[in-house]
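Please open the model in your viewer and keep the sequence panel beside it. The tour below proceeds by selection, with a short account of what is found at each stop.

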Amino acid sequence: MNRKQRIEAMLKESLNPIMYLDLVDESYMHSVPAGSESHFKVLVVSDVFENTPIIDRHRLLNQLLADELKSGLHALTLHTWTPEEWHAKGGTPESPPCLGGSKAS
């Protein structure tokens, strides 16, 4: 099982994102070796986030993924939304380009 599959399984099990879960490996956008699986964007829509501040949502995901963060996962872009926020925001946001390393120009 690769890192993306492990993260996806952990999020599904812990957050029960019935409405939406999108996990994108954005490592190719950064100055890392091919196959690094080091940079991910997560968009998860879950009722678990109801009445929970964004900082606490992000802390929860960082806790869930602590082992991955200790073993090569370098960066997470987190979008942790309730179903109401998902509808209000209208879908998946774009990630900004990497500004560091050899891919910056």
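Begin by colouring the chain by confidence. The model is predicted, with a mean pLDDT of 86 for the protein, and 83% of its residues reach 70 or more. Among the elements, helix α2 (residues 54–64) has the highest mean pLDDT, 97, and helix α4 (residues 83–89) has the lowest, 90. Where pLDDT is low, the predicted coordinates should not be read in detail.

**The sheet**

Next, select the strands and display them as a cartoon. The 3 strands form an open sheet in the order β1-β2-β3, with mixed pairing. The edge strands are β1 and β3, each of which pairs on one side only. Neighbouring strands of this sheet are turned by 5 degrees against each other on average, direction ignored. Helix α1 packs on the sheet and touches β1 and β2; the direction of α1 makes about 160 degrees with that of β1. Now add α2, which lies across β2 and β3 and runs at about 130 degrees to β3.

In what sense does each neighbour pair with β2? β1 and β2 pair in the antiparallel sense, over 6 bridges. Within β1, select L23 and look across to β2, where V42 stands opposite. On the other side, β2 and β3 (residues 75–81) pair in the parallel sense, over 7 bridges. There, V45 stands opposite W81 of β3. In general, strands of a sheet pair through backbone hydrogen bonds, either parallel or antiparallel.

**Strand β2 and the core**

Select β2 alone and show its side chains. The strand is mostly covered, with 7 of its 7 residues buried. H39, K41, L43 and V45 point one way from β2, whereas F40, V42 and V44 point the other way. The buried residues of this strand thus include H39 and K41.

Extend the selection to the largest nonpolar core, which has 13 residues. Those with the most contacts inside this core are I7, L11, L15, V42, V44 and L61. At least two residues of the core come from each of α1 (3–15), β1 (20–25) and β2 (39–45).

Which residues does V44 touch, not counting residues up to four places away in sequence? V44 touches L15, P17, Y20, L21, F49, L61, H79, T80 and W81. Two of these contacts, Y20 and W81, lead to the next stop.

**The aromatic cluster**

Select Y20, W81 and W86, which form one aromatic cluster. The structure holds 2 aromatic pairs. Y20 and W86 form a stacked pair, at 4.4 Å centre to centre and with 25 degrees between the planes. Because Y20 lies in strand β1 and W86 in helix α4, this pair ties together parts that are 66 residues apart in sequence. The ring centres of W81 and W86 are 6.2 Å apart and their planes are at 45 degrees, so this pair is tilted.

Switch to a surface display at this point. Are Y20, W81 and W86 buried or exposed? Y20 is partly exposed, with a relative accessible area of 25%. W86 has a relative accessibility of 16% and therefore counts as buried. W81 is also buried, with a relative accessible area of 9%.

**Two asparagines in loops**

Finally, select N16 and N51 and inspect their backbone angles. Most residues other than glycine have a negative phi. N16 has a positive phi, near 45 degrees, and is not a glycine; N16 lies in the loop between α1 and β1. N51 is likewise not a glycine and has a positive phi of about 60 degrees. The loop that holds N51 is the one between β2 and α2. With a relative accessibility of 79%, N51 counts as exposed.

Methods. Residues are numbered from 1 along each chain as its sequence is written. This is a predicted model: local features need pLDDT of at least 70, side-chain atom pairs count only at pLDDT 80 or more; totals for chains, interfaces and linings use all residues. Side-chain values use heavy atoms; hydrogens and water are left out. A nonpolar core is a set of buried Ala, Val, Leu, Ile, Met, Phe, Trp, Tyr and Cys residues joined through side-chain atoms within 4.5 Å. Buried means under 20% relative accessible area, exposed over 50%, partly exposed in between (1.4 Å probe, protein chains only). Helices (H or I, at least four residues) and strands (E, at least two) are DSSP runs, numbered from the N terminus. Contact means heavy atoms within 4.5 Å. Two strands pair if DSSP finds at least two bridges between them. pLDDT is the predictor's confidence in each residue, from 0 to 100. Rings of Phe, Tyr and Trp (its six-membered ring) pair if their centres lie within 6.5 Å; planes under 30 degrees apart count as stacked, over 60 as edge-to-face and the rest as tilted. Axes are lines fitted to C-alpha atoms, for helices over the stretch in contact, and angles run from 0 to 180 degrees between N-to-C directions.
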